[in-house]
Amino acid sequence: MATMGTLHQECRNIKIVLSYDGSLYNGWQKQKNTPNTIQEILEKHISKILKENVKVIGSGRTDAKAHSLRQVANFKTSNFSIPADRFKPILNGLLPESIRIISSEEVNLNFNARYSAKFRKYIYLIFLGDEKLYPFLRNYAYIPNRKDYNIEFMSNIAKELVGKHDFSIISSKREYKTTTRFVKKIRIFKMKDFLVFSIVADGFMYNMARGIVSSIMEAERNNDPTYIPRLLEGKIKNKPSLIPANGLYLHRVYY
């Protein structure tokens, strides 16, 4: 975690941790042709409070309809009138209730929510319980037709994705300096009526987390222990259909 350092008098750096219900938004990143994003809403309110244009940097770009439990962001400002810890209550009084600021603090000017992050953790929820709960959970978990999954098989096949790999084959096409990422850990387990995928990596490309879950589920569906290695080697022409974003959560960012 970043620590407070000697700050230049003309500028300060504010770190915020926030959670949001992504089902109401078009993802994190502000884009010209994509309104109603988390970044856009934050910049609008923070700029209004500080009476200056502010750029908010997020730790990662969550997909449209995906959620966050502890997204991390930072912004720099030349306005010193508001104590850092006051941004939390002030913003929570202005933002929609679907976006909540968990904490706000002043950090070293070198801290960057995106580039200072060491690892990120995503979780994916699949609901296997009572269909009567569908209207309440459909925006917050994937609800498949199947209810039985071979968790031991999926846990074993997931080991093929741990380590350094070129994940471009299971991620959406975007321009990146490198498409190699290091996946530190993948856990798959039952938690009451939920099947949970937990993925920790040094970085995630667009749709990479969902691509990992989709690939593991496709291997399990076909009972094919060679599916993941062949997919990573480019020996499978058609990658699996991407699982919906509504079950995806940015769970934690490690610094």
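Is Asn36 buried, partly exposed or exposed? In this predicted model, in which residues are numbered from 1 along each chain as its sequence is written, local features need pLDDT of at least 70, side-chain atom pairs count only at pLDDT 80 or more, and totals for chains, interfaces and linings use all residues. Side-chain values use heavy atoms, with hydrogens and water left out. Asn36 is partly exposed, its relative accessible area being 31%; buried means under 20% relative accessible area, exposed over 50%, and partly exposed in between, for a 1.4 Å probe and protein chains only. The residue lies in the loop between β1 (12-20) and α1 (38-50). Although Asn36 is not a glycine, its phi is positive, at about 60°. Most residues other than glycine have a negative phi. Asn223 likewise is not a glycine and has a positive phi, of about 50°. Asn223 belongs to the loop between α5 and α6 and counts as exposed, at 56% relative accessibility.

The protein chain contains six helices and nine strands, where helices (H or I, at least four residues) and strands (E, at least two) are DSSP runs numbered from the N terminus. The radius of gyration of the chain is 20 Å, close to the 18 Å given by the globule rule for 255 residues, so the chain is as compact as a globular protein of that length. This radius is taken over C-alpha atoms, and the globule rule is 2.2 Å times the number of residues to the power 0.38. Along the principal axes, the C-alpha atoms fill a box of roughly 60 × 45 × 35 Å. Of the 255 residues, 50% count as buried. Among contacts (heavy atoms within 4.5 Å) between residues at least 6 apart in sequence, 71% join residues at least 24 apart.

The interior was examined next. A nonpolar core is a set of buried Ala, Val, Leu, Ile, Met, Phe, Trp, Tyr and Cys residues joined through side-chain atoms within 4.5 Å. The largest such core has 44 residues, of which Ile186, Phe197, Ile212 and Ile216 touch the most other members. At least two residues of this core come from each of β5, α4 (151-158), β7, β8 (194-201), α5, α6 (227-232) and β9 (248-254). Helix α5 provides the largest share, seven residues. A second, separate core comprises 23 residues, including Trp28, Ala73, Phe87 and Leu91. In the largest core, Ile186 is in contact with Ala158, Leu161, Val162, Ser198, Ile199, Ile212 and Ile216, leaving aside neighbours within four places in sequence.

The largest pocket holds about 920 Å³ of space. On a 1 Å grid over the protein atoms alone, a pocket is an open set of points where a 1.4 Å probe fits, with protein on both sides within 12 Å along at least five of seven lines; lining residues have an atom within 4 Å of a point. Grid points are joined across faces, edges and corners, and the volume is the space filled by probe spheres set on the points. The lining consists of 33 residues, and Ser59, Arg61, Arg114, Tyr176 and Phe204 are the closest to the pocket centre. Each of β2 (57-58), β5 (119-127), β7 (180-191) and α5 (208-221) supplies at least two lining residues. By residue type, the lining divides into 13 nonpolar, 10 polar and 10 charged residues. In this classification Ala, Val, Leu, Ile, Met, Phe, Trp, Tyr, Cys and Pro count as nonpolar, Asp, Glu, Lys and Arg as charged, and the others, Gly among them, as polar.

Three further buried residues illustrate the surroundings of individual side chains. Tyr122, in strand β5, is buried at 7% relative accessibility. Beyond neighbours within four places in sequence, the contacts of Tyr122 include Thr62, Phe197, Phe204, Ala209 and Tyr249. Tyr122 and Ile99 are 23 residues apart in sequence, with 18 Å between their C-alpha atoms. Met205 lies in the loop between β8 and α5 and is buried at 4% relative accessibility. With the same sequence neighbours left aside, Met205 is in contact with Phe167, Ser168, Ser171, Tyr176, Thr179 and Arg181. The C-alpha atoms of Met205 and Asn26 are separated by 17 Å, the two residues being 179 apart along the chain. Met208, in helix α5, is buried with a relative accessible area of 0%. Outside four places in sequence, Met208 is in contact with Phe167, Ile170, Ser171, Arg181, Val183 and Gly203.
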